[in-house]
Amino acid sequence: MSKPTIVVVGGGAGGLELVTRLGRRLGKKGKADVVLVDRNSTHIWKPLLHEVATGVLDSGQDEISYQAHSASNGYRFQRGTLCDLDRDTRTLTLAAIIDDDGHEILPARRLSYDYMVMAVGSVSNDFGTEGVADHCHFLDSPAQAEGFRQALLNTFMRYSTRMTNDEPPCITVGIIGAGATGVELAAELHDASRMLKSYGFTELGREHLRVHVIEAAPKILPALPDRISQAVHKELEKLGVKVHVDTRVTKVDDHAITTSDDERIDIDLGVWAAGIKAPAFLSELGLQTERNHRIKVAATMQSIDDPHIFAFGDCASCPQPDGKVVPPRAQAAHQQASVLYKNLCAVIDDKPLKEFVFRDRGSLISLAHFDAIGSLMRAASARSLFIEGNLARFFYASLYRMHQRTIHGSIKTAMMVVVDGLNRFLKPRLKLH
Ligand SMILES: Cc1cc2nc3c(=O)[nH]c(=O)nc-3n(C[C@H](O)[C@H](O)[C@H](O)COP(=O)(O)OP(=O)(O)OC[C@H]3O[C@@H](n4cnc5c(N)ncnc54)[C@H](O)[C@@H]3O)c2cc1C
């Protein structure tokens with residue numbers, strides 16, 4: 001029998017880990033043709049996007065070229081955006097790639113598969129709130145994070161020149177949604193504004209930045225235990241962040257956010273971080289999906305409609321023994337990638353598949369250099385351990401290091417830790433161009 005083709009669509013937190021393991025185990029040994037498809041040519045781990053957005057992280061330094069990575073890890077890379085799927089002929093279609101000037105770089109292409117894995121992640125859900133799509137920034141992709149960073153920098157530049165007048169300038173950022181993304185972004189913004197002074201914006205400081213975080217639920221970090229939520233709330237207020245809870249946003253325009261109490265919060269920049277959904281095209285592929293477009297899969301991560309299609313990460317609704325579904329988190333995508341890798345090897349060897357059970361290792365929130373707060377789950381019980389400060393910061397960083405270790409191996413990851421440490425002394429702490 002000819003070797004099977006496994007196509008993984010989406011090289012994000014889960015997809016890149018999966019394709020790396022498959023490439024090393026099956027691709028390099030000629031047991032399968034492993035192909036990664038992604039609409040971008042480079043990978044940035046999504047939980048770092050709020051750092052890219054504030055310039056604390058230079059995406060140019062941390063991004064991975066899929067082409068280069070594939071060459072040394074036994075898989076092939078095809079750049080393209082999945083736009084159609086024909087399950088009868090087991091082919092998928094990638095849209096044509098067009099450059100900024102409108103010229104076609106590559107025409108639409110069809111790829112055949114024996115097994116396909118959907119790992120296309122999620123996008124923001126603005127729930128149709130008026131003005132959000134036109135007037136808010138989103139942090140769904142590296143390009144959007146870069147777009148926000150540029151807008152922020154431009155705003156800082158504009159304000160630093162206006163400071164020659166007597167008016168007391170203040171830049172106001174409104175962040176809608178106080179989940180992990182919203183609160184971490186608020187803290188990073190304060191950190192970035194603090195650093196601007198050392199890079200020649202001598203007149204600017206933290207006192208010139210006002211951040212509003214607006215949350216519809218009665219507390220920030222609604223999905224996390226009260227103790228974490230209260231501790232983070234206190235820290236944000238210490239930084240001067242204005243936290244609004246129980247406040248629903250009804251409209252956003254170029255200059256203000258309007259709430260359900262008819263309060264108008266003037267802003268220079270708005271960020272929507274209040275909810276996610278899977279990309280809508282997933283509901284048009286003939287597979288059963290949930291209302292938020294997540295593909296319905298069995299606990300083995302196989303689509304309930306087609307045993308040749310698997311889905312995992314943010315774009316899949318994977319049932320758990322307690323009746324819930326796997327949460328959309330990097331931690332879950334990492335664990336799923338490891339089980340799905342085994343399942344795809346098992347499918348090829350005609351062996352039974354494993355059911356995925358999510359092990360919640362805890363939740364950690366990083367408040368830039370100011371603090372980190374969270375909880376770790378005790379292995380032997382369902383109880384969690386509250387942690388703060390350097391210990392929390394260490395465990396927060398370890399999730400990214402685990403991702404790097406899967407992709408690069410232990411030695412290269414250790415070298416990256418050293419290089420990151422050195423760069424802190426050698427390079428500016430903020431990307432200012
Ligand atoms: C700012 C921010 C902070 C976060 N912080 C945390 C955290 O601290 N802890 C945590 O556990 N989780 C965090 N998350 C959530 C976490 O990032 C996601 O749960 C995780 O990235 C999901 O992994 P994934 O592989 O499913 O999708 P992603 O990592 O989003 O990857 C999807 C990939 O699919 C590609 N793609 C999309 N559509 C197509 C298409 N049509 N064709 C081809 N390719 C396509 C994309 O380019 C991308 O490479 C955070 C998210 C954000 C935005």
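**Exercises on a ligand shell and a parallel sheet**

Helix 9 contributes three residues to the shell around the ligand, the most of any element. The model is predicted.

**Exercise 1.** Describe the shell around the ligand by its residues, elements and domains.

Solution.
- Step 1. Begin with the residues: 32 surround the ligand, and the closest are G10, G12, P47, G121 and G313.
- Step 2. Assign them to elements. Two or more shell residues come from each of strand 2, helix 2 (49-54), helix 7 (180-196) and helix 9 (330-348).
- Step 3. Sort by character: 15 are nonpolar, 12 polar and five charged.
- Step 4. Check the domains. Domain 1 (5-122 + 278-348) and domain 2 (132-272) each supply at least three residues to the shell.

**Exercise 2.** Work out the strand order of the open five-stranded sheet and say which strands stand at its edges.

Solution.
- Step 1. The order is 5-2-1-11-22, and the pairing is parallel.
- Step 2. Strand 5 (76-79) and strand 22 (309-311) each have a single partner strand, so one side of each lacks a neighbour in the sheet; these two are the edges.
- Step 3. For the twist, neighbouring strands are turned by 20° against each other on average, direction ignored.

**Exercise 3.** Find the bridge partner of V7 in strand 11, then the helix that lies across strand 1, strand 2 and strand 11.

Solution.
- Step 1. Strand 1 (residues 5-9) pairs with strand 11 (residues 115-118) in the parallel sense, over four bridges.
- Step 2. In strand 11, V7 has M116 as its bridge partner.
- Step 3. Helix 1 (residues 15-27) lies across strand 1, strand 2 (33-38) and strand 11, and runs at about 160° to strand 2.

Methods
Residues numbered from 1 in each chain as written. Predicted model: local features only at pLDDT ≥ 70, side-chain atom pairs only at ≥ 80, totals over all residues. Pairing = 2+ DSSP bridges. Axes fitted to C-alpha atoms, helices over the stretch in contact; angles between N-to-C directions. Contact = placed C-beta atoms within 7 Å. Near = placed C-beta within 6 Å. Nonpolar A, V, L, I, M, F, W, Y, C, P; charged D, E, K, R; others polar. Domains from an automatic or database assignment.
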